[in-house]
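Visitor: I would like a close look at a single part of this model, set in the context of the whole chain. Please take me through one helix, its ends and its surroundings.

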Amino acid sequence: MISVEYLKKMINPKDLAIKTLGTPFISKRNANRYKSPFRAEERTASFEVTDYAFHDFGTGEHYDIISFMRKLNNCSFKQAIEYLANLYGLVDNEYKSRRVEEFLAKQRLEKRQY
């Protein structure tokens with residue numbers, strides 16, 4: 001599995017926000033602002049995304065990339081990490097090669113049965 005530190009180092013919160021939330025409502029050099037994805041009743045853009053983190057000024061909550069994905073997708077810690085790794089193509093090579101080998105072995109076995 002991909003390490004949490006590696007994901008946090010490789011994924012920029014601003015880029016993740018654009019991929020998941022779309023174009024910012026307000027874009028500045030240091031931060032982008034969105035209407036909160038967690039509060040439907042919001043009228044102004046009070047959800048701020050910087051190069052380091054996410055902050056919801058309406059609730060005072062602060063998120064890193066993993067806690068943001070967990071809340072956005074209502075998923076577990078492990079699922080959030082897998083989602084981020086797949087979204088950015090940061091798949092663990094050992095796991096990938098093992099799955100490919102299992103698939104090829106299954107195909108060879110099926111060919112022998114016919």
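**Helix H2 in its setting**

Guide: Read along the sequence, the protein chain of this predicted model follows the pattern α-α-β-β-β-β-β-α-α-α, which comes to five helices and five strands. Buried residues make up 31% of its 114 residues, and among contacts between residues at least 6 apart in sequence, 40% join residues at least 24 apart.

The part to look at closely is helix H2, which spans residues 13-21 and in which Pro 13, Lys 14, Leu 16 and Ala 17 are buried. These four residues lie on the same side of H2, because they cover an arc of only 160° around the axis. The cover over the buried residues of H2 includes strand S2 (32-34), strand S3 (47-49) and strand S4 (54-56), together with helix H3 (65-73) and helix H4 (77-87).

As for the ends of the helix, the N-terminal end of H2 is capped by Asn 12, a side-chain oxygen of which lies 2.7 Å from the backbone nitrogen of Lys 14, and Lys 14 is itself one of the buried residues of the helix. Just after H2, Gly 22 takes a positive phi of about 95°.

Two of the covering elements, H3 and H4, are joined by a loop that contains Asn 74, a residue other than glycine whose phi is nevertheless positive, near 50°. Most residues other than glycine have a negative phi. In contrast to the buried residues of H2, Asn 74 is exposed, with a relative accessible area of 73%.

Methods: Residues are numbered from 1 along each chain as its sequence is written. This is a predicted model: local features need pLDDT of at least 70, side-chain atom pairs count only at pLDDT 80 or more; totals for chains, interfaces and linings use all residues. Side-chain values use heavy atoms; hydrogens and water are left out. Buried means under 20% relative accessible area, exposed over 50%, partly exposed in between (1.4 Å probe, protein chains only). The arc is that of the directions from the helix axis to the C-beta atoms. Contact means heavy atoms within 4.5 Å. A polar contact is a pair of N or O atoms within 3.5 Å; within protein, one must be able to donate a hydrogen and the other to accept it, and residues adjacent in sequence count only if both atoms are side-chain atoms.
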